[in-house]
Amino acid sequence: MRLNHFLYLIVFALLQYQCSHPVEISNNNDWYEFEPENNHNQPSLIGLEDWNNEPAGMHGHIVSNGEKLIYNGQEIKLWGLNNCYGFCSPSKEKADEHAVFYRKFGVNALRLHKYADNTGDLGIQSQNSFVEFDPKRLDRMDYYISSLKNNGIYVKLSPTFGVKFGPGDVDRIPYHKELGDISQKERVRATYGAVYMGKELQDMQIEQTIKILNHTNPYTGLRYAEDPAIFCVELFNEDAILWNGGNWSLQRYPTLRQRMAREFSVWLLAKYGNETSWIDAWGKEAVLKDVRLLAQSGLKSIISIDQIKGVSLKSECLKQGTVVPWSYPWVYDAIVKKDNESILKLRQRLLDTAEFLIGLQNSFYSRFVQAIRDTGYQGQIVGSNWQAGGTIGHLLNLYSDYLVGIVDRHNYFGGSRRGIKIGEKFGNASMLAQPGIGTLSAGLQQVNDRPFMLSEWIHVQPNEWYAEGPAILGAYGWGLNGWDVSFMFENGDDAGFSEKIGRDAWDVTNPAIWGTFPAVARQVRRMDVAESPETQFLNVHVPSLFEGKVSFTGDTEQRHDEKTFTTDKLPPEALAALRVAVKFTDDYQETPSFDLKKYLDGNTIVSTTGQLRWTPAKNEEHSGGYFTLNTSSTKAFVGFAPGNRTFELGDGFSITPNKGFAVIYLTAKNEDQNLQSADQIVITSVARARNTGMDFNDADNVVEEKGQQPILMEPVKALISVPFRGKLRVLDQDGRKEMSVRRFNKEFAIDGAEDQTPFYLIEK
């Protein structure tokens, strides 16, 4: 070690400002105010403006080839975020501002979500009908899409969150009064699961989507069905027939309950031939003679008597068409694990119910997809993006989405659904503590020969470790595990960095998140992190699922939008070692158990590529852990630094972060260069962000004061070594102007408290 390096470390240690426990609140007197100009129309020194160097779709549609997305003969990764409701149809001035802002920070795809979900500020629907559009709102969305396209940004169309009918739609729905009283509100929504049972609702959903695809955008001159900038169409958001919603709808809507009972009875009669064979197959205890006998049947957890509306079907009989396909997401686990006697008595009933219901879903999806293809649309299609709980139901639903096209999922982490509320407890854990938990666990739903997308994900406010999200998912999801499309979730932004923490529970432009984008977007889109050459498969034979047989069991822990997936054949840490994917097989195959030991260096998990090293927390506390990233084009340290430890990142690069939480990236500025060939290297350095005066009770994870503008950024301090001499350009908070310059000889320090910025540029 050179003498000056040694002396620097001594001084560096004396300057440490964090307590011994990495999560305890530091003396934030040196946190700096973050007040960028938010003028993103001018060229920047950190941006990716020249990466989107052509209109989206200039060379045709993005196509899928197995699990890869291909554009113009090359693999492509899409990195973006959501706009929701009225944010999908901004003013023309705002449309251009958003497109430029997103382009600068590396976004090349946008999910327009719930753009046709309602009226006024909530969507482009007309006041009268779900299937008609407000011309002014539609024109604004048309312009926005054209501006995004001109800035090289692709669009995913995600129209609705359920069918919400208006006054002009009541004649199409004979049972509309069961759904709600339209005279009391502008829109009435059918509950989850109803669309799979109501053909009338399906027809409306299909008609709305087809009208959009056949609509000609006056600013591009193309029908949306013809425009390759529309890279994906989503059938609808967050629903599945084997989720809770199917049972809710059966209980609430007498017409759908009676309809489903008739169809299920016909299906069972076709399968078993007669009443006697059916009863023998199910067992007499599984056939209800009176719904009041639920406690004896084991269906108590499936049906809530108090919620059944209208006429009850008391006696189940095939000839009378009164056998109701009651279901519940997690009862199927008991069949696989054989751990609940009352549920096991219903084994064949539940397996038949699952097969019947998933058949309804597949039939609807098939009809919907065909209608979309009939418009001439050649892009990607997503079924839905939800899950169905329980191993069997979950895998049947996954296969249903697999049949449609891209597999798309949602997952969130920490915080509170209600955002920042004084005195309300929230989740403030870190995903770095244990590899593979939280949002990353969604990777257990990746399917082997389909592209994989997360169209909603984020650390929910006020969880403070926002910055780890893009870092972990960017490296281990869209890198090692080979995922393809990212849309972080927020409802909308103001075409600039957020000015205050807590605008919404989901805030992508929070500077602690958005500040990572100049580096992570480069890393993902350039595919710096190599995909694992090895894959651990979770083998699934669909016909065997209908017999209650599966080669592994899985558990889904769900707290509203936050989900964690685990299986008995591999630990979540496997996602930090190699690629994991579900494989639908032609015959039944066992899933081998995964041995993590071969990927361990001490307690550090080393990826198959050798580029990623993840060291988990040493205890069960809610924080701790870190990983390093070592590729030819990007080097990074992410997590809770132990203090004064140098992390060697290959090729003469190293980072010695100050003790505490930090996300530090060095990445080649240009698209076609690596760190050796690049003349310029972008550095991003982000930790936490808080409002001025924001106060936490960390012992209880409670916000005591929300605080005010401006946002304060926790300074990142580190010593960085590189294999060359050069200049360190300290940039302003927009990454646009040089504030100062320091020459260095193979090593230099960054200090956010002194420099008042998260952005730097190295020039060799």
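1. Cysteine 84 has no disulfide partner, because its sulfur lies 6.2 Å from the closest cysteine sulfur, the one in cysteine 88, and that is too far for a bond. For reference, a disulfide here is a pair of cysteine sulfur atoms within 2.5 Å. Cysteine 84 is also buried, at a relative accessible area of 0% (buried means under 20% relative accessible area, exposed over 50%, partly exposed in between, with a 1.4 Å probe and protein chains only).

2. A caveat before going on: this is a predicted model, where local features need pLDDT of at least 70, side-chain atom pairs count only at pLDDT 80 or more, and totals for chains, interfaces and linings use all residues. Residues are numbered from 1 along each chain as its sequence is written, and side-chain values use heavy atoms, with hydrogens and water left out.

3. What about cysteine 232? Its closest cysteine sulfur is again in cysteine 88, but at 15 Å, too far for a bond. Cysteine 232 is buried too, with a relative accessible area of 0%. Searching the whole structure turns up zero disulfides.

4. Now the sheet: three strands, in the order E1-E33-E30, make an open, antiparallel one. Strands are DSSP runs (E, at least two residues), numbered from the N terminus, and two of them pair if DSSP finds at least two bridges between them. Strand E1 (32-34) and strand E30 (689-692) are the edges, each pairing on one side only. On average, neighbouring strands are turned by 50° against each other, direction ignored (axes are lines fitted to C-alpha atoms, and angles run from 0 to 180 degrees between N-to-C directions).

5. E30 and strand E33 (residues 708-713) pair in the antiparallel sense over four bridges. Threonine 692 sits opposite glutamine 708 in E33.
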